[in-house]
Amino acid sequence: MINRLFYEPLTPENSITLDLSAKNKELKRRIYSKIDAFCAYMEEKLGAKYGVGGYLEHRVIYEAHENFATNADDFRNIHLGVDLWAPAGTPVFAPLAGIVHSYQVNRGSGNYGPTIILYHPAENIYSLYGHLGMEDMAEIDEGMTFDAGELLCHLGNSDENGGWPPHLHFQLIRDLQGFHGDYPGVCSKRDVAFYAENCPDPLGFSASANSAPL
């Protein structure tokens, strides 16, 4: 059963669904290409609430980061996890009992920054946590175990999380395909069928598990 990721469960009263898709015409390049402007935009949208969304969302915001470029016909712009937007330093709790499979700092503009991957034996699935605080990397080690609901990490700031407004990239993965401390969080349209199967919707997964809300 999935436990909530933050101190409190997300509800219609304390959270909003965010649209960062290509359909959001107000999110212009002059906003998402500059971190100060992007942070200000997100703070205005959130108010004092959590933001949630992004699974299989087609986004243009990745155009601001060379990390996602392949070629014009195969640009990675489909988001494979759920983003949970909250202030830097927000504690994140393990949603399922698990073991630390791997962790590392994925450097570069637009990348995950500090990242942790857990393996959950009971569900035979992995979970990835990206855009964390750098201090969490000193407290983690492969093979560590976490109970559901135990403190796992904290959200990083834009100087350490790959250059993003503070948020958690939360992704479920059936087969890590040999990756260690990293796994694609964004794919091209060409590959979306494979990744949609290998990376199920975390919100749908929690609902099917009759779990508490995230």
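A search of the whole structure, which is a predicted model, finds eight aromatic pairs. One of them joins Y183 and Y195 in an edge-to-face arrangement, with 6.1 Å from centre to centre and 70 degrees between the planes. Because Y183 lies in the loop between β11 (167-173) and β12 (186-187) whereas Y195 belongs to helix α3 (residues 192-198), this pair ties together parts that are 12 residues apart in sequence. Both tyrosines, Y183 and Y195, are buried. Y195 also pairs with F194, and since the ring centres are 5.0 Å apart and the planes stand at 75 degrees, where over 60 degrees is the criterion, this pair is likewise edge-to-face. The two partners of this second pair are not alike in burial: F194 is partly exposed, with a relative accessible area of 40%, whereas Y195, at 14% relative accessibility, counts as buried because the cut-off for burial is under 20%. Together with F179, the residues Y183, F194 and Y195 form one aromatic cluster.

With regard to the overall architecture, the secondary structure comes to four helices and 12 strands. Of the 214 residues of the protein, 50% count as buried, and the protein exposes about 9900 Å², of which carbon and sulfur atoms supply 50%. Among the contacts with a separation of 6 or more, 72% are accounted for by residues 24 or more positions apart.

Eight of the strands are arranged in an open sheet with mixed pairing, in the order β1-β2-β4-β11-β8-β7-β6-β9. The edges of this sheet are formed by β1 (15-17) and β9 (145-146), each of which pairs on one side only. At the β9 edge, strand β6 (residues 98-106) and β9 pair in the antiparallel sense over two bridges; here G98 stands opposite F146, and I99 stands opposite T145. Strand β6 also pairs with β7, again in the antiparallel sense but over seven bridges, and in this pairing V100 stands opposite L118 of β7. The hairpin of β6 and β7 has six residues between the strands, and in this hairpin G108 takes a positive phi near 115 degrees.

The largest nonpolar core has 27 residues, and those with the most contacts inside it are L84, V92, I116, L118, Y129, L152 and L168. At least two residues of this core are supplied by each of β2 (50-53), β4 (82-85), β7, β8, β10 (151-154) and β11, with the largest share, three residues, coming from β11. In soluble globular proteins, nonpolar side chains tend to be buried together. For I116, when its neighbours within four places in sequence are left aside, the residues in contact are S102, Y103, S127, L128, Y129, L132, M137, I140, L152 and C153. Two of these partners, Y129 and L152, are themselves listed with I116 among the core residues with the most contacts.

A further position considered is E123, which is found in the loop between β7 (113-120) and β8 (125-130). At 27% relative accessibility, E123 counts as partly exposed, because this value falls between the limits of 20% and 50%. E123 and R174 are 51 residues apart in sequence, while their C-alpha atoms are 9.6 Å apart in space.

Definitions and conventions:
Residues are numbered from 1 along each chain as its sequence is written. This is a predicted model: local features need pLDDT of at least 70, side-chain atom pairs count only at pLDDT 80 or more; totals for chains, interfaces and linings use all residues. Side-chain values use heavy atoms; hydrogens and water are left out. Rings of Phe, Tyr and Trp (its six-membered ring) pair if their centres lie within 6.5 Å; planes under 30 degrees apart count as stacked, over 60 as edge-to-face and the rest as tilted. Buried means under 20% relative accessible area, exposed over 50%, partly exposed in between (1.4 Å probe, protein chains only). Contact means heavy atoms within 4.5 Å. Accessible areas come from the Shrake-Rupley method with a 1.4 Å probe; for residues, only the protein chains shown count as cover. Two strands pair if DSSP finds at least two bridges between them. A nonpolar core is a set of buried Ala, Val, Leu, Ile, Met, Phe, Trp, Tyr and Cys residues joined through side-chain atoms within 4.5 Å.
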